[in-house]
Structure formats: C-alpha cells, structure tokens
Amino acid sequence: MYKKIMVPLDGSELAECVLPHVEGFIASCQVNTIVFVRAVKPEPIVSRGAYATGEVDLTVIEENTKKIEEEKKSSAKIYLDQVVGRLKHDDVKFQTEVIVGSVAESLIDYTEANNVDMILIA
C-alpha cells in the first residue's frame, strides 16, 4: 500500500479537482501520510535599470525581493492549511509544505528527498 502520498496544489479550482480522489485513496488504501505541497517560484530581483546604482540600492532591492517571496510563501501556507482543514480523517497524518523553486523540478526533488510513494495531481 501507499504510505506517503504527495498532492501538489497551485490554488486553482482545477488543481482541487484531485481532492475527491484523495478522499477515495484515504477510504480504500492504508495511507499513513498525505502531504499537500505548493511550489512558489522564486521572486526575481528587479532594479530600476540594468544595474543597481549603489550598495544601498542593492540592499533595498534584496530586502524587498525577500519580503515579497516571504509573503508568497505565507499565503501558500495559509491556503494549504485551509485545504487540510476541509479534510477530516483521524487515521491519516496531513502535512503541508511550501517549497521555493521551479515548479516541476522542485516537486521532483521533494518527491525523491521525502520518500513519496505516489503523487496525486489534477
């Protein structure tokens, strides 16, 4: 049986079409853990021109970029927690993970690093 299932979500209704299938796997398989994952693309560093005009400008740009990325990660975490809150199963452990990087590569890396048995995706 599948011990750990990963469910990547991007916040769309289409992605959430997988949730009834998640419920089906819970009912019919001996799943221990379901991990809901959202990949957040890294925030590009943007400057006013081709180059930052000085060290102070570069520091401000990096701080703003980091702040935007943290807000995106926080928003993704809240979303995943809300999805998990809709599922009620005492015998299954639910986890949420927000990963930063290119979506496809990040999901593959997460799957390999965390011994995921199956991926359910819409």
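**Entry 1: disulfides.** I searched the whole structure, which is a predicted model, and found zero disulfides. I then looked up the exposure of two cysteines. Cys17 is partly exposed, and its relative accessible area is 46%. Cys29 has a relative accessible area of 16%; I recorded Cys29 as buried because the cut-off for that word is under 20%.

**Entry 2: helix H2.** I turned next to helix H2, which covers residues 19-28. Which residues of H2 are buried? I noted Leu19, Val22 and Ile26. These three lie on the same side of H2, because the arc they cover around the axis is only 50°. The spacing follows a general rule: an α-helix has 3.6 residues a turn, so residues three or four places apart point the same way. I also examined the face of H2 turned away from the buried side, and there I found the exposed residues Pro20, His21, Ala27 and Ser28.

**Entry 3: strand S1.** I looked up strand S1, residues 4-8, and recorded the strand as mostly covered, since four of its five residues are buried.

**Entry 4: partners of S1.** With which strands does S1 pair? I found that S1 runs parallel to strand S2, residues 33-40, and that five bridges join the two. Within this pairing, I noted that Lys4 has Thr33 in S2 as its bridge partner. S1 also pairs with strand S4, residues 118-119, in the parallel sense, over two bridges. Here I noted that the bridge partner of Met6 is Ile119 in S4.

Notes:
Residues are numbered from 1 along each chain as its sequence is written. This is a predicted model: local features need pLDDT of at least 70, side-chain atom pairs count only at pLDDT 80 or more; totals for chains, interfaces and linings use all residues. Side-chain values use heavy atoms; hydrogens and water are left out. Buried means under 20% relative accessible area, exposed over 50%, partly exposed in between (1.4 Å probe, protein chains only). The arc is that of the directions from the helix axis to the C-beta atoms. A disulfide is a pair of cysteine sulfur atoms within 2.5 Å. Two strands pair if DSSP finds at least two bridges between them.
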